[in-house]
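Colleague: Could you take me through one part of this model up close, and then work outwards from there? I'd like the packing and the charged pairs in one connected story.

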Amino acid sequence: MYSVRRYFTLFISLCSAIIFIIIMIMTQSRHYSATSFSKDFAHLHESIIGNVFRHGGDEDDIHLTKDGLDLFLKSKDDVKIGERNKQDFTLAVDSSLAEALSRKVRLACFITTREKNMETKLKAVNETWGRRCDKMLYVMTTNKTGPDILGVNITDAHGTLTEKIVHAFTHMYTTSLDQYDWFLKADDDTYVIVENLKFLLAHLNSSKPVYVGDHFAPFSPNGYMGGGAGYAVSREALRRLVEQGYRVPGRCRHAGGSEDIETGRCMYKVVVSTYLSLDKYNRSTFHAAAPETFQVGQPNFVSSFSAHKYHSGPECCSQLTISFHYVTPELMRTLDMFLYQITVFGRTVKYEELRDLFREETFQIPQKRRRRPYPGETIEEYYRNATEWRMKNTTIYIPDKKSKLK
């Protein structure tokens with residue numbers, strides 16, 4: 001059965017044939033040469049057919065929303081004048097595809113930090129990847145104000161991060177739920193390639209409860225996303241997190257523990273699905289460790305946490321890698337320079353071959369995977385009855401000295 005696109009193509013071809021006949025008749029006139037005909041027909045073909053197929057165009061194209069916004073641009077008209085490589089017009093780079101994708105996938109980012117880091121870590125984030133988010137918010141204990149600062153009256157300590165995260169997600173829900181499709185939580189030493197993140201998110205549906213990042217295995221029926229690598233939640237996931245999680249007494253912890261673990265447990269409580277962030281070659285995209293950690297022979301302490309097997313060397317990281325953790329301000333600026341200002345001559349990205357690099361696929365940790373349970377719980381109960389676990393009040397525990405949630 002023909003798709004709408006194919007019917008449209010047949011219609012355009014028929015129109016082109018009719019116009020071709022008309023032009024052929026016109027060429028009989030001594031005032032209209034065969035050369036003029038060739039130029040006009042080439043222009044006709046480019047303007048009608050070329051605009052349909054310039055960036056892909058078969059019916060298997062990725063669509064960003066249920067309304068059918070195509071990932072690959074159909075026309076240069078989609079790009080506003082002067083928007084190509086708007087950071088530096090001296091660079092021979094066409095960023096039209098990235099700019100179009102950025103407009104179609106709306107991303108709000110927030111970072112938990114401290115006021116003392118404003119002139120160091122936060123300055124580096126602002127100068128590099130932070131400016132590529134559609135919204136950036138810094139969550140900190142401070143009296144300072146600003147459009148990108150969310151000041152909180154919470155003790156400034158690592159042990160209060162859960163409180164800050166609950167406050168931040170609730171703030172995003174209250175002020176920005178309908179303005180953005182996705183919400184990214186990151187640390188002030190996380191480096192994010194925002195364009196690659198948006199490309200991954202373009203494969204997913206923000207109207208579904210989606211939770212994606214560097215998947216860790218312990219402490220929850222389906223683990224949690226490591227906070228250092230950053231993790232993204234969909235609009236629907238944020239709605240459930242607040243309405244069915246934070247606002248239901250005894251459902252999710254509002255303080256204590258580790259923020260990423262408590263977020264992951266709460267996501268499972270409100271039936272938010274964990275999605276796969278590996279590419280089709282099983283290479284990772286989110287990384288809760290520094291870039292050098294993934295070189296051959298380097299120790300990688302997060303391997304024991306990962307729900308997937310980490311690789312080193314060429315197999316470590318996806319071509320469209322998204323993030324790294326423990327990135328110093330100096331390294332952050334260096335990464336940004338190599339990614340956005342330096343190009344290897346003669347190497348061109350084959351965008352068509354990247355269309356199926358990611359897939360929309362949920363992931364459940366297999367029971368055979370060895371992992372640690374949350375204090376007071378057992379691994380067996382994680383697989384026994386999901387509904388029963390979700391109904392339990394697991395917001396209070398007394399950790400012993402051997403069970404640190406770090």
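Modeller: Before we zoom in, one cut-off: a residue is called buried when its relative accessible area is under 20%. Keep in mind, too, that this is a predicted model. With that cut-off, the part I'd pick is helix α6, residues 194–202, where eight of the nine residues are buried. The covered ones are Val194, Asn196, Leu197, Lys198, Phe199, Leu200, Leu201 and Ala202. For comparison, buried residues make up 51% of the protein's 406 residues.

Let's stay with Leu201. Leaving aside residues up to four places away in sequence, Leu201 touches Val105, Leu107, Trp182, Val212 and Ala232. Leu201 also belongs to the largest nonpolar core, a set of 88 residues, and is listed with Leu107, Trp129, Phe169, Val233, Leu238 and Tyr246 as touching the most other members. There is a second, separate core as well, with six residues, including Ala217, Leu276, Leu278 and Ala307.

Phe169 leads us on to the rings. Phe169 is linked through ring pairs with Phe110, Tyr211 and Tyr231 into a cluster. The model has ten aromatic pairs by the rule used here. In one of them, Phe219 and Tyr224 have ring centres 6.4 Å apart and planes at 25°, so that pair counts as stacked. Phe219 and Tyr224 are both buried.

Now the charges around our helix. Just past α6, in the loop that runs to β6 (210–213), sits Lys208; its partner Glu360 is in the loop between α10 (351–354) and α11 (379–384), so the pair ties together parts that are 152 residues apart in sequence. The closest N and O atoms of this salt bridge are 3.4 Å apart. Lys208 is partly exposed at 37% relative accessible area, and Glu360 is partly exposed too, at 41%.

Within α6 itself, Glu195 is part of a network in which salt bridges with shared partners join Arg131, Arg132, Glu195 and Asp336. Arg132 has another neighbour to look at: Arg132 lies over the face of Tyr340, 3.6 Å from the ring centre. Elsewhere, Lys269 lies over the face of Trp389, at 5.1 Å from the ring centre.

Go back to the stretch beside Leu107 and you meet another salt bridge, between Arg106 and Asp181, with closest N and O atoms 2.9 Å apart. Arg106 is in the loop between α3 (96–104) and β1 (107–112), and Asp181 is in the loop between α5 (161–176) and β4 (182–187), so this pair ties together parts that are 75 residues apart in sequence. Asp181 is buried, at 10% relative accessible area, while Arg106 is partly exposed at 31%.

Moving along to Lys185 and Asp187, these two form a salt bridge with closest N and O atoms 2.6 Å apart. Lys185 is buried at 0%, and Asp187 is buried at 17%. The count of salt bridges comes to 23.

Stepping back to the whole protein, there are twelve helices and eleven strands. Among contacts between residues at least 6 apart in sequence, 74% join residues at least 24 apart. As for the outside, the accessible surface comes to about 21,300 Å², and 55% of that belongs to carbon and sulfur atoms.

Conventions: Residues are numbered from 1 along each chain as its sequence is written. This is a predicted model: local features need pLDDT of at least 70, side-chain atom pairs count only at pLDDT 80 or more; totals for chains, interfaces and linings use all residues. Side-chain values use heavy atoms; hydrogens and water are left out. Helices (H or I, at least four residues) and strands (E, at least two) are DSSP runs, numbered from the N terminus. Buried means under 20% relative accessible area, exposed over 50%, partly exposed in between (1.4 Å probe, protein chains only). Contact means heavy atoms within 4.5 Å. Accessible areas come from the Shrake-Rupley method with a 1.4 Å probe; for residues, only the protein chains shown count as cover. A nonpolar core is a set of buried Ala, Val, Leu, Ile, Met, Phe, Trp, Tyr and Cys residues joined through side-chain atoms within 4.5 Å. A salt bridge is a side-chain nitrogen of Lys or Arg within 4 Å of a carboxyl oxygen of Asp or Glu. Rings of Phe, Tyr and Trp (its six-membered ring) pair if their centres lie within 6.5 Å; planes under 30 degrees apart count as stacked, over 60 as edge-to-face and the rest as tilted. A charge sits over a ring if NZ of Lys or CZ of Arg is within 6 Å of the ring centre and within 35 degrees of the ring normal.
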